[in-house]
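Let's take a walk through this fold one piece at a time. Keep the structure open next to you as you read.

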Amino acid sequence: LPIRAGSSLEPEEHSMEPPAVPEGEMPLTVASGQAGCQLFGYVGIEAVLDQMKIKTMKTGFEFNIMVVGQSGLGKSTMVNTLFKSKVSRKASQPGQEERIPKTVQLQSITHVIEEKGVKMKLTVTDTPGFGDQINNENCWDPIIKYINDQYERYLREEILITRKRKIPDTRVHGCIYFVPPTGHWLRPLDLEFMLRLSKIVNVVPVIAKADTLTLEERAEFKQRIQEDLKTHTISVYPQEDFDQDPDDRALNDRIREKIPFAVVGADQEHQVNGKRVLGRKTKWGIIEVENPAHCEFPLLRDLLIRSHLQDLKDITHNVHYESYRVRRLNESNRP
């Protein structure tokens with residue numbers, strides 16, 4: 001006998017499609033998927049941070065910095081002060097008389113620094129001869145070429161069919177530009193250099209040998225430099241366009257108010273109130289380089305090492321290197 005449609009013996013049909021949801025109602029599965037899932041007990045997800053820390057301590061990391069400025073502004077001393085070790089070009093060549101080259105010659109020194117089990121492969125690139133000649137036309141070309149050559153070297157390793165597990169990173173992560181403490185406006189050389197270099201590398205301007213200026217002269221000079229940078233639309237690090245969230249923007253805004261940092265470098269220790277401090281001894285007292293009341297060296301150190309070192313590397317890889325990679329690949333694809 002035929003079975004009626006409403007009979008209990010009729011087999012149930014299971015559809016693969018989800019049931020229709022009336023208009024105006026949100027399915028619970030979607031809402032619960034977007035919201036976080038509460039755990040009933042300890043899983044151990046936070047151990048990922050420990051794994052990353054252990055791996056970094058084993059392999060170490062690379063940091064490449066470049067110092068640019070005229071001779072006699074204390075570039076080598078500043079680098080030694082930053083890392084509290086003899087890592088500058090001068091320290092590696094004792095007893096040799098330094099002669100100012102007729103053209104800009106780039107010299108790189110690599111050291112491995114270890115602190116509390118963390119190893120850092122530090123490369124310091126100096127630019128002797130920059131701005132020391134009567135005619136300084138196009139003196140930034142060797143520096144631009146060097147920075148682009150490091151991008152090219154990394155790109156060539158990256159596009160190989162069989163790549164290395166860890167590509168050696170020689171790209172310049174930060175360029176410290178030393179401004180002479182004139183107390184006036186920025187020179188055309190300073191403006192032209194920062195305008196060209198800020199497009200391909202993170203440029204951090206500092207006022208060198210700030211102890212030669214009074215506090216009033218220092219504040220006025222800093223304000224004039226900030227006006228110059230704004231007038232010529234020069235974007236120095238930390239760039240406003242790359243702030244990730246409101247917290248980063250608030251922190252970087254406080255840093256941007258202080259740039260350029262008025263710094264003093266010293267690689268000799270002196271006794272002050274029973275403590276050994278780095279400083280410069282004068283007839284009127286000792287200028288402590290790590291004292292915020294004396295100079296802004298602690299702000300520069302915090303920016304380069306303690307708070308923004310990884311951000312410098314990320315912007316170098318994701319912004320500056322990426323723009324170079326896109327440009328080079330577009331050039332190679334043209335008929």
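In this predicted model, strand β4, helix α5 (residues 188-197) and strand β5 make up a right-handed β-α-β unit. That's a handy place to start, so let's look at its parts.

Take β4 first, which covers residues 174-179. Is this strand mostly covered or not? Six of its six residues are buried. On one side you'll find Gly 174, Ile 176 and Phe 178, and on the other Cys 175, Tyr 177 and Val 179, so to speak a strand with both faces covered.

Now for the neighbours. Strands of a sheet pair through backbone hydrogen bonds, either parallel or antiparallel. Here are three pairings to find on screen:

| Strand pair | Sense | Bridges | Residues standing opposite |
|---|---|---|---|
| β1 (residues 61-68) and β4 | parallel | four | Ile 65 and Gly 174 |
| β4 and β5 (residues 203-207) | parallel | five | Tyr 177 and Pro 205 |
| β5 and β6 | parallel | two | Val 206 and Phe 261 |

Zoom out to the whole sheet. It is open, has six strands in the order β2-β3-β1-β4-β5-β6, and its pairing is mixed. At the edges stand β2 (107-115) and β6 (261-262); each has a single partner strand, so one side of each has no neighbour in the sheet. Helix α4 packs on the sheet and touches β1, β2 and β3 (118-126), with its direction at about 170° to that of β1.

What about the greasy interior? The largest nonpolar core has 74 residues, and Phe 193 and Leu 197 are the ones with the most contacts inside it. Helix α4 (residues 141-158) gives the most to this core, with seven residues. If you skip its neighbours within four places in sequence, Leu 197 is in contact with Trp 140, Ile 143, Ile 144, Ile 147 and Val 203.

Next, Ser 198 sits in the loop between α5 and β5. Why does Ser 198 count as buried? Its relative accessibility is 11%, and buried means under 20%, so Ser 198 makes the cut. The side chain of Ser 198 reaches two backbone oxygens: that of Met 194 at 2.7 Å and that of Leu 195 at 3.4 Å. Leaving aside neighbours within four places in sequence, Ser 198 is also in contact with Val 203, Ile 234, Ser 235 and His 320. Val 203 therefore shows up on the contact lists of both Leu 197 and Ser 198.

Key
Residues are numbered from 1 along each chain as its sequence is written. This is a predicted model: local features need pLDDT of at least 70, side-chain atom pairs count only at pLDDT 80 or more; totals for chains, interfaces and linings use all residues. Side-chain values use heavy atoms; hydrogens and water are left out. A nonpolar core is a set of buried Ala, Val, Leu, Ile, Met, Phe, Trp, Tyr and Cys residues joined through side-chain atoms within 4.5 Å. Buried means under 20% relative accessible area, exposed over 50%, partly exposed in between (1.4 Å probe, protein chains only). Contact means heavy atoms within 4.5 Å. Two strands pair if DSSP finds at least two bridges between them. A crossover is right-handed if, with the strands pointing away from the viewer, the path from the first strand over the helix to the second runs clockwise. A polar contact is a pair of N or O atoms within 3.5 Å; within protein, one must be able to donate a hydrogen and the other to accept it, and residues adjacent in sequence count only if both atoms are side-chain atoms. Axes are lines fitted to C-alpha atoms, for helices over the stretch in contact, and angles run from 0 to 180 degrees between N-to-C directions.
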